[in-house]
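Here are my notes for you, written as numbered points. Keep the structure open beside them and look up each residue as you go.

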Amino acid sequence: MSRSTQPSFGIEKLLRAALYSVLILFAVYYLLPLFVMLVNSVKTLDEIRGGNMMSLPEVFTFEPWLVAWSKAQIGVEPTGLSPYFINSIMMVVPAVTISTALGALNGYVLTKWRFPGDKIIFGLMLFACFIPFQIVLIPMARVLGIIGMAGTTSGLVLVHVVYGLGFTTLFFRNYYAAFPDELIKAAKMDGAGFWRTFTRILLPSSGPIIVVTVIWQFTNIWNDFLFGASFADFDSMPMTVALNNLVSSSTGVKEYNVHFAGAVLAALPTLVVYVVSGRYFVRGLMAGAVKG
Amino acid sequence: MQPSLPSKAQATLREVLPRLVLSPSLFLILLFVYGFIIYTGYLSLTDSRMLPSYELDGFGNYTKLWGQRNWLIALQNLAIFGILYIAICSVLGLVLAILLDQKIRGEGILRPIYLYPMALSFIVTGTAWKWFLDPGLGLENTMHLWGWESFTFNWIKDRNMAIYTVVIAAVWQSSGFVMAMFLAGLRGIDSEILKAAQMDGASRWSLYTRIVIPQLRPVFLSAFVVLAHLAIKAYDLVIALTNGGPGRATELPATFMYSYTFTRNQMGVGASSAVIMLAMIASIIVPYLYSELRERR
């Protein structure tokens, strides 16, 4: 077996340069669609039609953003995307809060108050994370109709809480599993009950996992399309469904600049969350993917 | 020393309380997940059309399903899309992770750039790529304007190639995430082993192929499971990017199920396709979860 010789200094430098070029090339690849969207959302329609999608705007206009936000025709009235943005917020805030709270409690019970059969229950919840939602669409539509929640934001909140439970439970379970049992035992010895142990001992150190869970749930629920398209009506439509209606509507002139402004508006909340707390976002993705 | 004994009722409450707290969630999951799976499974055996019917019809829907050209196209598309999506994301993710792991200056800037598409809705991704891939507006037009007149890239309008545009957009969205998984895996490898191998004179290539990549096996498995289940569930992206077209060229099982159930009034067939989708995912997820849960205790 021949041993590889140490590369000389010049080759090493060249390799380094190549490495950086490749990495920067990929950065361009990932940024390009966002760049195209942003640049074309501030051009006039004429400039888009006649021009190059890569070129910077000759005339800078903020009009498409205003149209997308408050004037574009989506439902019956030309309201723009703003009411749907608000719908999404009205849906996301309670859904994230409830599913996170339930997940925390479930994780607490499943790790610190174990009982026979708890692993089976956890397994059942875990599998629920992965089901294709097509399997629940038909009965869900009927149940929402029966309980009078069809086409409402509260109906969507219910749906997102139910199908988010698996993940929130998983996150908290894994986090609390690593929490020393001795502390819990000591608290129990001191006479602290179920709730006291939770609020005084576990909750104060749950900050990171709460952030991870909230970000995960927020991103997933905000970005959901299938449930919104299936169970919402014109008044409760979330942002993603409204955006799709705007972009794919076949009537009238296609106002690409408005479409892009709308797409960026729909992406903005999750992007902001990601930029502000990207570290946690990554951790959430990992926690969802790699168990243990 | 024993603490003062609580009364019997309190003791019982204390005993049941944890289970009581868990029960609403368990109830929701049992009803809305497993109950619904049974319900849809039952519907798939009935002659339901526009509305659910409870007349049993045996396996008629399944026979009908497998006789549908659209279903076979959807499965074929899923195979093409799934294999390419998983393979390209894994390779690209691994390569990017290894390149980023070379003590790169500016890693803190590059990593979020690679990863941010994961934060976007597939509808946003679809909107952006639909335009980018449109021959008259996007890349092809740009190349023409830049003087490369003979450049053509019209896959999105081409029946035979359109499914590959779904792959392009989906890879763009997910590969950064796979990169993050591999990067975390790389950072978790014991650096002592690597140092020892380097001392033994192992080349950089054999260091990776012999030591590092084999150690990343669990990450490959996790990435596979996540990507495979995303592929089988893929719906939003196709709706936003091609809406299943041109013709039915980018139909996937998820879009098939939706259109048969809700627009073509073939609820029984739609339900049976949903059951097949569940079976596909279960065949990947159940063994994975089983081994994950068993290993830990």
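1. Let's start with cysteines. This is a predicted model, and a search of the whole structure turns up 0 disulfides over all chains. Two cysteines to look up are A:C129, which is buried at a relative accessible area of 3%, and B:C89, which is buried too, at 0%.

2. Now look at where the two chains meet. On the chain B side, 99 residues are in contact with 92 residues of chain A. The area buried between the chains is about 8800 Å², and carbon and sulfur atoms give 75% of that. If you want three residues to click on, take B:L22, B:Y116 and B:W131: they supply 8% of the area that chain B buries against chain A, more than any other three residues.

3. What about polar pairing across that interface? Between chain B and chain A there are 21 residue pairs in polar contact, both residues being at pLDDT 80 or more. Helix α1 (residues 8–43) of chain B gives the most to the side of chain B that touches chain A, namely 19 residues. That side of chain B divides into 71 nonpolar, 15 polar and 13 charged residues.

4. How many salt bridges cross the interface of chain B and chain A? The rule finds 1, while the count over all chains comes to 8. B:R204 sits in helix α9 (residues 204–215) of chain B and A:E12 in helix α1 (residues 9–40) of chain A, so this pair joins two chains. The closest N and O atoms of B:R204 and A:E12 are 3.4 Å apart. Both partners are partly exposed: B:R204 has 48% relative accessibility, and A:E12 has 28%.

5. Next, a salt bridge inside chain B. B:D101 pairs with B:R187, with the closest N and O atoms 2.9 Å apart. B:D101 is in the loop between α3 (69–100) and α4 (107–115), whereas B:R187 is in helix α7 (residues 162–187), so the pair ties together parts of chain B that are 86 residues apart in sequence. B:D101 is partly exposed at 22%, and B:R187 is partly exposed at 44%. Don't stop at the pair, though: B:D101, B:E107, B:R111 and B:R187 are linked in a network of salt bridges.

6. Here's another little cluster in chain B. B:S259 lies in helix α12 (residues 253–263) of chain B. Is B:S259 buried or exposed? Its relative accessibility is 15%, and the cut-off for buried is under 20%, so B:S259 counts as buried. Leaving aside residues up to four places away in sequence, B:S259 touches B:R248, B:E251 and B:R264. Two of those neighbours, B:R248 and B:E251, also meet each other in a salt bridge, at 2.6 Å from N to O. Compare their surroundings: B:R248 is partly exposed at 31%, but B:E251 is buried at 2%.

7. Last, find helix α12 (residues 239–248) of chain A. Why call this helix largely enclosed by the rest of the structure? Because 8 of its 10 residues are buried. Among them are A:M239, A:V241, A:L243 and A:N244. The buried residues of α12(A) pack against α4 (82–112), α10 (207–223), α11 (226–231) and α13 (256–276) of chain A. They also pack against α5 (122–133) and α11 (236–241) of chain B.

Definitions and conventions. Residues are numbered from 1 along each chain as its sequence is written. Chains are lettered from A and ligands numbered from 1 in the order in which they are written. This is a predicted model: local features need pLDDT of at least 70, side-chain atom pairs count only at pLDDT 80 or more; totals for chains, interfaces and linings use all residues. Side-chain values use heavy atoms; hydrogens and water are left out. Contact means heavy atoms within 4.5 Å. Buried area is the accessible area (1.4 Å probe) that two parts lose on being put together, summed over both. A salt bridge is a side-chain nitrogen of Lys or Arg within 4 Å of a carboxyl oxygen of Asp or Glu. A polar contact is a pair of N or O atoms within 3.5 Å; within protein, one must be able to donate a hydrogen and the other to accept it, and residues adjacent in sequence count only if both atoms are side-chain atoms. Helices (H or I, at least four residues) and strands (E, at least two) are DSSP runs, numbered from the N terminus. Ala, Val, Leu, Ile, Met, Phe, Trp, Tyr, Cys and Pro count as nonpolar, Asp, Glu, Lys and Arg as charged, and the others, Gly among them, as polar. A disulfide is a pair of cysteine sulfur atoms within 2.5 Å. Buried means under 20% relative accessible area, exposed over 50%, partly exposed in between (1.4 Å probe, protein chains only).
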